[in-house]
Structures are given as C-alpha cells and as structure tokens.
Amino acid sequence: MSTIQAYNTVARNSVRRIRNRAAYDFTTVHGIFNAASILHVSFAPSNPQDDPFPTALPMLGTMASFSNPTGDHASTPLDIYLHGHAASRLMKLPKDQPNRESLGLPVCVSATILDGIVLALAPFHNSCNYRSAVAHGYAVPVTDEKERLFALTKITNGLVPNRWENSRNPPTKGEDRSTGILKVTVETASAKVRVGGPNDDRKDLGDPDVVDNIWTGVVPVWENLGDLEEGKQNRVPEVPGYLRGWRDGENEARERYARTALEMAE
C-alpha cells in the first residue's frame with residue numbers, strides 16, 4: 001500500500017479551524033498553487049525599526065523541481081519559483097541581508113481560488129467555496145543560467161501552456177539582466193478547501209417563516225478566459241490552435257469544478 005506524501009505539520013502550518021477542510025498532501029498543495037493565476041508573497045521589512053509593516057505582493061509563479069523535473073508531483077516536494085524585475089525590492093532583499101545568506105529570505109506565499117458564493121438562511125452562515133494554499137520557506141535568487149531558463153519556461157507555460165515554445169527565444173541579454181527569479185525552498189505548507197452548499201442553523205431550518213421566504217444555494221464562480229483579441233502589431237491571421245484549445249479546455253475545466261464543488265459533501 002502506497003504512503004501518502006505530504007508536508008510535515010507543525011504549529012506554523014496546522015489548520016485549527018474546521019480541520020476537516022485541511023490538506024497537507026503534495027497533490028492538493030501543488031495543484032492549488034499551479035492552478036492559481038496570481039500568487040501573493042509576504043515578507044518582513046529589512047529594518048523593522050524604520051518600517052514596521054510587512055509587505056504582500058501579487059506575483060507570477062509556479063511550483064516545480066529543477067533537480068527532479070520529471071518527478072511525480074504527488075510524491076515529490078516542489079520549490080516555488082517567482083518572477084519579477086531584477087531591481088525590485090523583493091529581488092534585492094535576499095542579497096541585502098547577509099545574516100540570512102545561508103537560508104535565504106523568510107517568506108510566506110499564498111494562493112486562493114474562489115469556486116462559489118454560498119448563500120445561507122442567515123448572514124452568519126454565508127460562506128464561499130474555495131481552494132487555498134499557504135507555504136512558508138526561504139527565498140534565494142536563482143543565478144544558475146540553466147535553472148533560470150527552467151524557471152522562466154515553467155512560469156511562462158504555467159500561465160499559458162506551450163507559450164514558451166511558441167515565442168521568440170532565447171531571451172536577449174537585456175531581458176535576462178532585467179529579470180529576477182527567486183526560488184523558495186518550502187519548509188511547511190498546507191491547503192484548505194471548502195465545497196458543498198449552505199450549512200444552516202437547525203433552528204432556522206425548522207422555522208417555516210424563514211425557510212419559505214429566504215432563497216438559499218450556491219452561485220458557482222470561475223475565472224473565464226475571454227475571446228482572443230489580436231494586438232495592434234499582430235500579423236498572424238489565425239489564432240493558433242494551441243491557444244484556442246487551451247482557452248476552451250481551461251474554461252470547461254474551471255466551470256466543471258465550480259459546479260461539481262457545490263454538489264460535494266465536506
């Protein structure tokens with residue numbers, strides 16, 4: 001019998017509220033991070049005495065393994081690769097803090113996908129169907145050229161599959177110099193997923209005046225990819241098939257999950 005591969009649970013990543021929604025397995029955590037369009041990266045200021053506020057930045061990123069690129073994502077821990085301008089504060093922070101050189105900059109990376117708005121009899125019981133994941137780890141700049149190319153390819157194709165192979169490549173020296181890549185080695189991670197319909201108060205369910213006059217249910221939510229609109233400089237007459245196929249398949253999959261989620265039981 002196979003053993004489920006999962007991130008270790010410690011105080012930092014243990015879900016305390018509604019624990020049946022928690023997941024720590026690689027498949028769930030990696031899947032949410034790689035399905036989310038945007039990741040949010042949080043980090044502490046370099047000098048808390050001058051600036052006490054933490055920062056959270058929306059960034060493009062993906063989970064992958066340079067050392068084991070063909071490994072099974074269900075049984076192999078992955079790193080988080082983040083893309084940004086080389087001159088941005090986050091890209092410079094790991095270099096500017098020599099006391100953290102051995103490990104890197106401590107960061108928290110999160111991903112959230114909204115799958116439905118849950119409407120109950122009472123506002124207190126309204127909720128949302130969602131998939132969320134949070135990872136803590138140490139971020140370091142990627143300087144190895146092969147690993148940088150690996151990360152850029154993964155991030156690009158994570159946004160639109162096969163786009164890297166269907167773009168002008170390799171990057172120019174100017175593009176390479178201006179692009180920063182951070183690798184986050186994940187220390188702990190967890191996911192939390194809600195599915196299903198409203199969980200109403202038993203007293204409300206037994207009150208005809210309430211049940212007969214208030215609509216309850218779920219509004220499925222999914223991010224829809226629109227028509228492919230050509231750019232002003234585009235000279236390709238037809239939208240490539242890989243783009244049409246990706247858009248149609250992605251829209252179908254997102255809608256299918258959102259509608260399936262409202263029928264699931266927690």
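Student: How much area does the protein chain expose, and what share of it do carbon and sulfur atoms supply?
Tutor: This is a predicted model, in which local features need pLDDT of at least 70, side-chain atom pairs count only at pLDDT 80 or more, and totals for chains, interfaces and linings use all residues. Residues are numbered from 1 along each chain as its sequence is written, and side-chain values use heavy atoms, without hydrogens and water. Accessible areas come from the Shrake-Rupley method with a 1.4 Å probe, and for residues only the protein chains shown count as cover. The protein chain exposes about 16000 Å², and the share from carbon and sulfur atoms is 53%.

Student: What percentage of the residues in the protein chain is buried?
Tutor: Buried means under 20% relative accessible area, exposed means over 50%, and partly exposed lies in between (1.4 Å probe, protein chains only). The protein chain has 266 residues, and the buried part of them is 36%.

Student: How many helices and strands does the protein chain have?
Tutor: Both are DSSP runs numbered from the N terminus: helices (H or I) have at least four residues and strands (E) at least two. For the protein chain, the secondary structure comes to seven helices and eight strands.

Student: Why do the buried residues of H1 line one face of the helix?
Tutor: Helix H1 covers residues 26-35, where Phe-26, Val-29, His-30, Ile-32 and Phe-33 are buried. The arc is taken from the directions that run from the helix axis to the C-beta atoms. The buried residues line one face because, seen down the axis of H1, they fall within an arc of 160°.

Student: Which residues form the covered face of strand E2?
Tutor: In a regular strand, side chains alternate between the two faces of the sheet. Strand E2 spans residues 39-43, and its uncovered face has His-40 and Ser-42. The covered face consists of Leu-39, Val-41 and Phe-43.

Student: Which residue in E5 is the bridge partner of Val-41?
Tutor: Two strands pair if DSSP finds at least two bridges between them. E2 pairs with strand E5 (residues 105-119) in the antiparallel sense over four bridges. In E5, the partner of Val-41 is Val-109.

Student: Which residue in E3 stands opposite Phe-43?
Tutor: E2 and strand E3 (residues 55-64) run antiparallel and are joined by five bridges. Opposite Phe-43, in E3, stands Thr-55.

Student: Does Arg-256 count as buried, partly exposed or exposed, and why?
Tutor: Arg-256 lies in helix H7, residues 241-261. Its relative accessibility is 48%, so Arg-256 counts as partly exposed.
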